[in-house]
Amino acid sequence: MTDRGRQIMDGDFDYLIVGSGSSGSVLAARLAEAGKRVLVLEAGGSDRRFFVQMPLGYGKLFYDPRVNWAYRTEADPGLAGNSDYWPRGKVLGGSSSINAMVWIRGDASDYEDWQAATGSDHWGWETVRAAYRAIEDNADGADAWRGQGGPLHIRSGRVPAHPLVGPFLDACAAAGLPRNADFNGERQEGAGLYQLTIKGGRRNSAARAFLRPALKTGRVAITLKAHVTRILFEGNRAIGVEYARGGQRHQARAGEVILSGGAINTPQLLMLSGIGPGAALAAQGIEVRLDQPNVGRHLNDHQGINYTYRMTVPTMNDILRPWWGKALVGMQYLLTGKGPLSVSINHAGGFFRTDPALNRPNMQLYFQAFSTLMPREGERPILSPDPFPGLSIGLSNCRPTSRGEIALASPDPFAAPRITANAFSTESDVAEMLAAVKFIRQIAAQKPIADVIAEELRPGPGTEGDEALIADFRARSGTVFHPSCTARMGADPATSVVDSDLRVRGVQGLRVCDASAFPTLIGGNTNAPAILMGWLGAERILATAPGRG
Ligand SMILES: Cc1cc2nc3c(=O)[nH]c(=O)nc-3n(C[C@H](O)[C@H](O)[C@H](O)COP(=O)(O)OP(=O)(O)OC[C@H]3O[C@@H](n4cnc5c(N)ncnc54)[C@H](O)[C@@H]3O)c2cc1C
């Protein structure tokens with residue numbers, strides 16, 4: 001794939017996209033479909049790896065620097081002084097090639113928020129709903145919400161991955177959270193199975209669903225292992241980028257440059273190119289092109305925690321842990337593409353409100369029919385779980401009010417940026433998480449799941465009372481990998497970086513199209529909205545192409 005499309009000469013490209021992740025892959029495909037010539041520069045390598053393709057290979061990718069930027073945050077007072085680990089995909093497909101494959105659009109009201117923030121119907125719920133229906137090829141068929149026949153196959157949300165899923169959902173109902181057959185349907189609230197971006201037992205990343213098919217148009221060129229180091233300008237117009245590849249510096253040019261490097265790398269690249277908070281850039285010795293204080297700010301992310309239980313009945317631990325079990329499920333996967341290795345780590349979940357007065361769910365649930373209390377060096381030990389029957393009930397917040405920041409730690413483009421998460425830095429975030437962890441215990445106390453729980457292992461029954469519960473979640477929670485909004489889109493130039501057509505204000509020929517452009521964080525996982533960003537972003541870019549109108 002490297003240098004594929006070299007028949008298209010450098011300089012002939014209409015668009016240069018930095019990053020082949022969830023948004024970049026979709027954007028490239030849609031622009032090519034419209035007849036545009038597109039160059040994609042991707043810092044990572046090929047996604048043709050067994051553990052990228054096999055859904056439960058997730059654990060193996062989690063710390064692997066060959067496919068992962070493997071960031072660490074600053075020590076966070078809100079997380080008991082811990083430095084959190086932030087994986088991000090550095091491979092064709094970006095984070096969609098290493099993520100947990102849960103397909104969640106978010107609540108319809110999230111896109112009403114986008115419409116309000118951007119002042120544009122182009123990002124409102126009715127446009128978004130139509131776009132999702134066009135994107136999806138949902139195994140459960142089409143209806144007013146779901147789509148079928150689109151480029152992205154979504155695995156059915158109706159096939160339970162483990163016998164304990166039923167008792168868990170019944171316990172949720174007994175705790176007051178009824179079943180919901182489709183979180184992407186009429187309403188988000190309830191408990192049920194997740195739809196997954198898995199096709200034929202293989203991960204269905206944005207690269208697999210969009211970018212690879214787009215290569216067939218002959219209008220897309222992809223250069224892998226090309227780390228973009230800065231944006232090149234002529235006067236006030238972005239004309240291309242400089243990138244490092246194979247130890248050498250190169251330049252590439254195009255009519256427009258679009259940053260799709262994700263919520264950490266996009267603001268970093270803007271800052272390396274002189275667009276960001278002026279004083280901070282100058283302090284790093286970077287010439288300030290545009291003093292733009294919003295670059296890197298408004299960092300919004302979900303925090304999550306697991307409660308872990310020892311069970312009296314077998315869980316996936318019992319089959320994934322012993323060598324013979326591994327051999328069995330390995331054979332099953334290789335021969336049939338089915339079994340425990342062919343699904344996400346998240347077997348079920350839900351959305352609930354910690355306060356009935358709220359008008360939408362503010363917490364998300366995850367049910368995993370295995371447990372991983374025993375850490376193993378360099379691996380998230382999903383394929384080697386605990387040596388006893390265990391399961392985990394996890395949750396994460398939907399719209400936290402805490403805000404963090406991405407800043408430059410160094411002018412060196414190969415150095416990691418400084419990530420300040422500021423988790424649980426507002427009282428309301430702490431209060432809703434406290435209510436939410438209490439609800440996990442309420443679920444675990446309900447029949448029929450309570451009948452097969454031997455004991456709560458973590459935090460354990462000794463952790464009681466508000467103070468202890470808060471101390472516990474500060475010590476044990478962390479990102480659920482949804483950083484967003486760090487170069488956000490908005491109608492107000494004083495509080496945003498890009499306009500509602502994704503143009504970076506103050507310069508020409510430069511756009512942002514990825515999770516950093518989200519106006520607000522969605523209540524749910526962020527792969528679907530990042531794919532949506534690429535889909536609708538292409539429409540905005542084509543509608544406002546230079547020379548048009
Ligand atoms: C471990 C993990 C689990 C997750 N689980 C889920 C889940 O189950 N469901 C869900 O919906 N979401 C999940 N997410 C989140 C979701 O995958 C991301 O929000 C989404 O993929 C972000 O898309 P993006 O296009 O903004 O960035 P990315 O997909 O991260 O793409 C950015 C791309 O740009 C490249 N790049 C960056 N800088 C440069 C540079 N300077 N030069 C060249 N290339 C560059 C990167 O290598 C990468 O390929 C998870 C994320 C992670 C990390």
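**Backbone features, ligand shell and aromatic contacts**

F481 is placed in the loop that runs between β24 (478–479) and β25 (510–512). The model described here is predicted. Although F481 is not a glycine, its phi is positive, at about 75°. With a relative accessibility of 22%, F481 counts as partly exposed, because the range for buried residues ends under 20%. A second residue with this backbone feature is F424, which has a positive phi of about 45° and is likewise not a glycine. F424 belongs to the loop between β22 (418–420) and α12. In contrast to F481, which is partly exposed, F424 is buried, its relative accessible area being 4%. As background, most residues other than glycine have a negative phi, and most peptide bonds are trans.

Departures from the trans form were found at two prolines. The bond from K447 to P448 is cis, with omega near 0°, and P448 lies in the loop connecting α12 (427–444) with β23 (453–458). R458 and P459 are also joined by a cis peptide bond, for which omega is about 10°. P459 is located in the loop between β23 and α13 (466–476). Strand β23 thus has P448 in the loop on one side and P459 in the loop on the other.

The ligand is surrounded by 38 residues, of which S22, E42, S95, T526 and N527 are the closest. By class, this shell comprises 16 nonpolar, 18 polar and four charged residues. Four elements, namely α1 (22–33), β11 (227–234), α8 (262–272) and α14 (527–543), each contribute at least two residues to the shell. Among the polar approaches to the ligand, a polar side-chain atom of N99 is 3.1 Å from a ligand oxygen atom, and a polar backbone atom of M101 lies 3.0 Å from an oxygen atom of the ligand. The side chain of N265 places an N or O atom 3.0 Å from a nitrogen atom of the ligand. Of the 1000 Å² that the ligand exposes when taken alone, the protein buries 98%.

Two of the helices that supply shell residues were examined further. Helix α8 is mostly covered, with ten of its eleven residues buried. N265, whose side chain approaches a nitrogen atom of the ligand, is one of these buried residues, which also include A263, I264, T266, P267 and Q268. The buried residues of α8 further include L269, L270, M271 and L272. G274 follows α8 and has a positive phi, near 90°. In helix α1, which contains S23, the relative accessible area of S23 is 3%, so this residue is classed as buried. The side chain of S23 reaches the backbone oxygen of A530 at a distance of 2.7 Å.

Aromatic residues were also surveyed. The count of aromatic pairs comes to 21. One aromatic cluster is formed by W103, Y111, W114, W123, W125, Y132 and F518. Two arginines are placed over aromatic rings. R30 lies over the face of W535, at 3.8 Å from the ring centre, while the charged end of R310 sits over the ring of F388, 4.6 Å from the centre of that ring.

Technical notes:
Residues numbered from 1 in each chain as written. Predicted model: local features only at pLDDT ≥ 70, side-chain atom pairs only at ≥ 80, totals over all residues. Heavy atoms only, no water. Near = heavy atom within 4 Å. Polar contact = N/O pair within 3.5 Å; in protein donor to acceptor, adjacent residues only side chain to side chain. Areas by Shrake-Rupley, 256 points an atom, 1.4 Å probe, with all protein chains shown as cover. Nonpolar A, V, L, I, M, F, W, Y, C, P; charged D, E, K, R; others polar. Phe/Tyr/Trp six-rings, centres within 6.5 Å; stacked < 30°, edge-to-face > 60°. Lys NZ or Arg CZ within 6 Å of the ring centre and 35° of its normal. Buried < 20%, exposed > 50% of the residue type's maximum accessible area, 1.4 Å probe, protein only.
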